[in-house]
Amino acid sequence: MPRVNVSWIITVLAVELATLSAAHAHSCHEVKTAFQVRQIGQLKWVPETPATDVDLSICKHPGPSCCTRRMEESYRAAVLRDTTQNIRSYSFELKYLISAHAVAFQDTFQSLITFSQNHLTSLFETTYSSLMSSISPHIVCLFTDLSRFLQGTGNVSVETAVHCFFDSLFPLVHTHIINPGMAGSIGENSSEGKQLGDCLRMTRQDVNPFGSHPKAMADTLASALRAGRVLSLALGVGLEAMNITETAELSRECTRALVRMHYCSHCRGLTLIRACSGYCLNVMRGCLASLSELHNPWRQYVTVLQDLTHIVAGAHNLELALLGIRGQVEEAILYAQLHGPRITATVDKVCGHSSNASSTTVRTFLPTSVTPPPANSSQEVPGADKIGMLAHLHREFTGYISRYKSFFSILPETLCEGEMGVDELTCWSGDDVVKSYTARVVGNGVRAQRQNPEVRVRGADPVLMDVKNKLELFNMEIQEIMPGVGHRESWDETGSGESSGECDDEDGCEGSGESVASPSLTEDDVSKNAVQVFPPRLAQHQEQI
């Protein structure tokens, strides 16, 4: 057997491997493949082999490059498209959560109004049938006004609507129940009947035939429905903020930094290397500096939403107020029956008609049908299936929305974790392949970007600062009209824009404006402190949405 020269074989193999490696290194095949797979641009713009005399504006380096100026322009368009799409995909769930629950709350409000209207109508149909045809238009008018108030359409007063209903109810109760037969003797449509009706309507609050029930009903409804109206308004404010932030533009400096992070490694044929996590955080915190400024007002806004939903649904205030209308009206009529002689005597002095018609037929007994309805009777009234739905919406919505309190402060981390920042043995630093990113990692907010080594932030985005100001103003006005709402946490912490940028850890800064917990109000406290005022400034917000 001839003797094999092992050292010679090894030398030949090494030369061949070096030749193959050199040939591979002088090819842009992988760059072209990535360019096609990621749908960045036309393949004809990618060279077959690296060039050394390329005039690049972003991905400059001394060695040969697989990039051209046309490719850089395509990379810039690609990072704008992909980053904007990623931001929208992360914000979609939050936006949908707000919009879907805004519709769900309003639908439930309207279903409860429909149920309450039908429930009150059934009282007159079964117990006071002689009043039904005359009172029906006034029932419709009452609930139409309540519906419009909850929807925020038109200049409607709950108290006025309730008192108007009782003004219209008084003539009917006086002529059909307290003095039965009077309506037939004088005729409701006669001149005398119309004069009496007008007099009774105008003097109802002075005569006080229904005791404290009209005022109690007006106060209860006004408080509960006002909270429902403010909740609808608040959801609209949040949705408007999300719509604007979704369309926020990325600056030129940001897009250049994104190209360096995503694609400058491709110019060297490194298509699989990923950005260092600290590097990614610096780039994304620079790009989203103005969005991060929304953290504090947004966090407080979410707390306001949680408190408002409890006032409306958690304590069943709105549901109980609407479902209690029938009982309040029934008690008011009963009060008038029990005080018939006094009411008739007062009306005789004021309007001068009752004693001439039927003074001897005053009734002071209880109608036998004035009893609480059976427990299952509500199921026969349309809309009964919505009873209890507000409590379900309250639990569902507050559970979900609490997850998004820090949405704007953690968005850079979320984008890096989801798409870019991967902890591996080596990573891309924007200039080279390194074992770790050694530059300072800055915090959130515009001020912190003064120390950002990757993105130059010239100032806050005026569009997003306008959103921030609107959220702050809205939170302030809510706290003015409903003391206690939105104060579950302390809001004296340093704002996201106050970050000093003193952050050197590779994993990134976590202190991005999180609030410091303080003794919180209980939900009962929040409900008790809700006042019944709707100021002009808050009404202006309603008109803008």
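**Helix α8, aromatic pairs and confidence**

User: In this predicted model, how many of the 34 residues of α8 are buried?

Analyst: Helix α8 is mostly covered. A residue counts as buried under 20% relative accessible area. Of the 34 residues in α8, the number that are buried is 24.

User: What distance does helix α8 reach from its first C-alpha to its last?

Analyst: Helix α8 runs over residues 213-246 and has 34 residues. At 1.5 Å a residue, the expected value is 50 Å. The model comes close to that, with a reach of 49 Å.

User: Are the planes of Tyr404 and Phe407 stacked, tilted or edge-to-face, and which of these words fits Phe407 and Phe408?

Analyst: The count of aromatic pairs comes to 15. In one of them, Tyr404 and Phe407 have ring centres 6.3 Å apart and planes at 50°, so this pair is tilted. Both Tyr404 and Phe407 are buried. For Phe407 and Phe408, the centres are 5.1 Å apart and the planes stand at 80°, so that pair is edge-to-face.

User: Which residues form one aromatic cluster with Phe407?

Analyst: Phe407 is buried, as is Phe408, and both belong to the cluster. The other members are Trp298, Tyr301, Tyr404 and Phe474.

User: Which residue lies over the face of Phe149?

Analyst: A charge sits over a ring if, among other conditions, it is within 6 Å of the ring centre. Here the distance from the ring centre is 4.7 Å, and the residue is Arg229.

User: How many contacts beyond four places in sequence does the model have for residues 355-379?

Analyst: The mean pLDDT of the protein chain is 79, but pLDDT stays under 50 over residues 8-24, with 2 such contacts. Over residues 355-379 pLDDT also stays under 50, and the number of contacts is 38.

Terms used:
Residues are numbered from 1 along each chain as its sequence is written. This is a predicted model: local features need pLDDT of at least 70, side-chain atom pairs count only at pLDDT 80 or more; totals for chains, interfaces and linings use all residues. Side-chain values use heavy atoms; hydrogens and water are left out. Helices (H or I, at least four residues) and strands (E, at least two) are DSSP runs, numbered from the N terminus. The expected span of a helix is 1.5 Å times one less than its number of residues. Buried means under 20% relative accessible area, exposed over 50%, partly exposed in between (1.4 Å probe, protein chains only). Rings of Phe, Tyr and Trp (its six-membered ring) pair if their centres lie within 6.5 Å; planes under 30 degrees apart count as stacked, over 60 as edge-to-face and the rest as tilted. A charge sits over a ring if NZ of Lys or CZ of Arg is within 6 Å of the ring centre and within 35 degrees of the ring normal. pLDDT is the predictor's confidence in each residue, from 0 to 100. Contact means heavy atoms within 4.5 Å.
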